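Q: Please give a close reading of one part of this chain, following its buried side chains and then the charged pairs beside them. Which residues are involved, and how is each one placed?

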Amino acid sequence: VRCEEWLGAAAAEELSEHVWEVPRLAFDAAADKPGPFHTWELGTGDKTLPSRTEAFADHHAPLDAFLRGPDSPLAAFVALLAGERVRLYKDKINYKGPGGGL
């Protein structure tokens, strides 16, 4: 299922914008829940690119709301598929650019 099919094109675009804000979040060791934790890789032309980010939901309010807020469209969709209430176990983004992972 493509995100645009159940979320709508405008909301999917907004979600994409929020996701690309995450690599710019600074690590906060003093937070109740430290994070986010970034992993970087070397791309073409020796350009450093984000590879993965973990533990970001506590540090980005719009994505926290999307993933586990009381009106979370993702939680509602997954609960519909699972047939029961769901909770976020782990938050991780694996970044893949066009043609990535081929």
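A: The account below begins with one helix and its core, and then turns to the neighbouring loop and the salt bridges. The model is predicted, so that local features require a pLDDT of at least 70 and side-chain atom pairs count only at pLDDT 80 or more, while totals for chains, interfaces and linings use all residues. Residues are numbered from 1 along each chain as its sequence is written, and side-chain values use heavy atoms, with hydrogens and water left out.

Helices are DSSP runs of H or I with at least four residues and strands are runs of E with at least two, numbered from the N terminus. In H2, the buried residues (under 20% relative accessible area, against over 50% for exposed and in between for partly exposed, with a 1.4 Å probe and protein chains only) are Ala12, Leu15, His18 and Val19. Viewed down the axis of H2, these residues occupy an arc of 115° (taken from the directions from the helix axis to the C-beta atoms) and so line one face of the helix. Ala9 and Ala10, on the other side of H2, are exposed. The cover over the buried residues of H2 includes helix H1 (3-7), H3 and E3.

Ala12, Leu15 and Val19 are also among the twelve residues of the largest nonpolar core, which further includes Leu7, Phe56, Leu63, Phe66, Leu67 and Ile93. Helix H2 (9-19) and H3 each contribute at least two residues to this core. A nonpolar core is here a set of buried Ala, Val, Leu, Ile, Met, Phe, Trp, Tyr and Cys residues joined through side-chain atoms within 4.5 Å. Beyond residues up to four places away in sequence, Leu67 is in contact (heavy atoms within 4.5 Å) with Phe56, Ala57, Ser72, Leu74, Ala75, Leu88 and Asp91.

His60 lies in the loop between E2 and H3 and is buried, at 6% relative accessibility. Apart from neighbours within four places in sequence, His60 touches His18, Glu21, Val22 and Leu25; His18 is itself one of the buried residues of H2. The His60 side chain makes a polar contact with that of Glu21 at 2.7 Å. Such a contact is a pair of N or O atoms within 3.5 Å; within protein, one must be able to donate a hydrogen and the other to accept it, and residues adjacent in sequence count only if both atoms are side-chain atoms.

A salt bridge places a side-chain nitrogen of Lys or Arg within 4 Å of a carboxyl oxygen of Asp or Glu, and by this rule there are three. Arg68 pairs with Asp58, with 2.5 Å between the closest N and O atoms. This pair links distant parts of the chain, since Arg68 belongs to helix H3 (residues 61-68) and Asp58 to the loop between E2 and H3, ten residues apart. Arg68 also forms a salt bridge with Asp64, at 2.3 Å; both lie in helix H3, four residues apart, about one turn of the helix. Shared partners thus join Asp58, Asp64 and Arg68 into one network. Arg68 is partly exposed at 37% relative accessibility, as are Asp58 at 42% and Asp64 at 24%.

Another salt bridge joins Lys90 and Glu54, with an N to O distance of 2.7 Å. Here Lys90, in the loop between helix H4 (73-82) and strand E3 (92-94), is 36 residues from Glu54 in strand E2 (residues 48-54). Lys90 is partly exposed at 47%, and Glu54 is partly exposed at 23%.
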